[in-house]
Amino acid sequence: MAEFIWIASYPKSGCTWLRYIVTHLLFTTEGEVPNPSDAVPDMHDFTGQIKYTWQGAYPVKTHLYVENLPPRMHTRAAVHIIRNPLDVVDSSVAYLRTDTLSERADLINTYGTHGGIEPWRTMLGYGSWQGNVASWIDTKHDFPVLFFRYEEMLADPHDHVRRLAEFFSTEVSDERVDEIVQLTSFSSLRALEEKEVAESS
């Protein structure tokens, strides 16, 4: 049975940032960095063959409740990131690019009433922020889980890269930690995104 390492969170909680860090930490060789969408694919929109494994397990991004992880995808471990729900709401509204103040207000009200928005809440099965997070932190797991808080990662990314390296049982120098933090900073990721958009246009 295939084994998986979940990179997990509620949507807009820093999961994409985390999988960039994991990609640089585990899969960069001789300066060659794979596309994080290949190295740590998103189970909710990925098709095709998973290309990368770490010590025989596939790292994969998910937003599911822990109890809703597919049983045929056997869990070896997980890294879970939690973000302040008010910031999750703000990031979600920005991500969905609402055109008017009334649309923005409707999304915020829906979040306030139901703890999540569609299609995430019911159609995709991510549930509410509170329910999703509780499923991870209140469950007694039979596999190791490393919990991060988004705000603490922002405050000290170097410490979190080191903790990830320890969790994945890989050695990393202080110089390499510095490099990973720089390469996955928001300014670096924004520049990379702008470059990719320019090259595709």
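Me: Helices here are DSSP runs of H or I with at least four residues, numbered from the N terminus. With that in mind, what comes after α4, and what is its phi?

Reply: G115 follows α4, and its phi is positive, near 80°. Please keep in mind that this is a predicted model.

Me: How do you know that the reach of helix α4 is close to what is expected?

Reply: Helix α4 covers residues 101-114, 14 residues in total. The expected span is 1.5 Å times one less than the number of residues. For α4 that expectation is 20 Å, and the helix reaches 20 Å from its first C-alpha to its last, so the two are close.

Me: What makes strand β3 largely enclosed by the rest of the structure?

Reply: Strand β3 spans residues 74-82, and 7 of its 9 residues are buried, so the rest of the structure largely encloses it.

Me: Why are β1 and β3 called paired strands?

Reply: A pair needs at least two bridges, and β1 (residues 3-8) and β3 have 6, so they qualify. The sense is parallel, and I5 stands opposite A77 in β3. On β4 (residues 145-149), 5 bridges join it to β3, again parallel, and H80 stands opposite F147 there.

Me: Why is S128 called buried?

Reply: Its relative accessible area is 17%, and buried means under 20%, so S128 qualifies. S128 is found in the loop between α4 and α5. Leaving aside neighbours within four places in sequence, its contacts are Y10, Y65, H114, G115 and R121. That list includes G115, the residue that follows α4.

Me: What makes the approach of the S128 side chain to the backbone nitrogen of G131 a polar contact?

Reply: The two are 2.9 Å apart, and the cut-off for a pair of N or O atoms is 3.5 Å, so the distance fits.

Me: How do you know whether N132 is buried or exposed?

Reply: N132 lies in helix α5. Its relative accessibility is 0%, under the 20% limit, so N132 counts as buried. Its side chain reaches the backbone oxygen of Y126 at 2.9 Å. Y126 is also one of its contacts beyond four places in sequence, alongside S9, Y10, H63, L64 and Y65.

Me: How many aromatic pairs does the structure hold?

Reply: The structure holds 6 aromatic pairs. One of them is formed by F4 and W6, with 5.5 Å centre to centre and 15° between the planes.

Me: Why is the F4 and W6 pair called stacked?

Reply: Planes under 30 degrees apart count as stacked, and these are 15° apart, so the name fits. F4 is buried at 6%, and W6 is buried at 0%. Together with Y58, they form one aromatic cluster. F4 and Y58 are also among the residues that I50 contacts.

Me: Why is the F27 and Y52 pair called tilted?

Reply: The planes stand 55° apart, which is neither under 30 degrees nor over 60, so the pair counts as tilted. The centres are 5.2 Å apart. F27 lies in helix α1 and Y52 in the loop between α2 and β2, so the pair ties together parts 25 residues apart in sequence.

Me: Why is Y52 called partly exposed?

Reply: At 25%, Y52 falls between the 20% and 50% limits, so partly exposed is the term. F27, at 9%, is under 20% and therefore counts as buried.

Conventions:
Residues are numbered from 1 along each chain as its sequence is written. This is a predicted model: local features need pLDDT of at least 70, side-chain atom pairs count only at pLDDT 80 or more; totals for chains, interfaces and linings use all residues. Side-chain values use heavy atoms; hydrogens and water are left out. Buried means under 20% relative accessible area, exposed over 50%, partly exposed in between (1.4 Å probe, protein chains only). Contact means heavy atoms within 4.5 Å. A polar contact is a pair of N or O atoms within 3.5 Å; within protein, one must be able to donate a hydrogen and the other to accept it, and residues adjacent in sequence count only if both atoms are side-chain atoms. Rings of Phe, Tyr and Trp (its six-membered ring) pair if their centres lie within 6.5 Å; planes under 30 degrees apart count as stacked, over 60 as edge-to-face and the rest as tilted.
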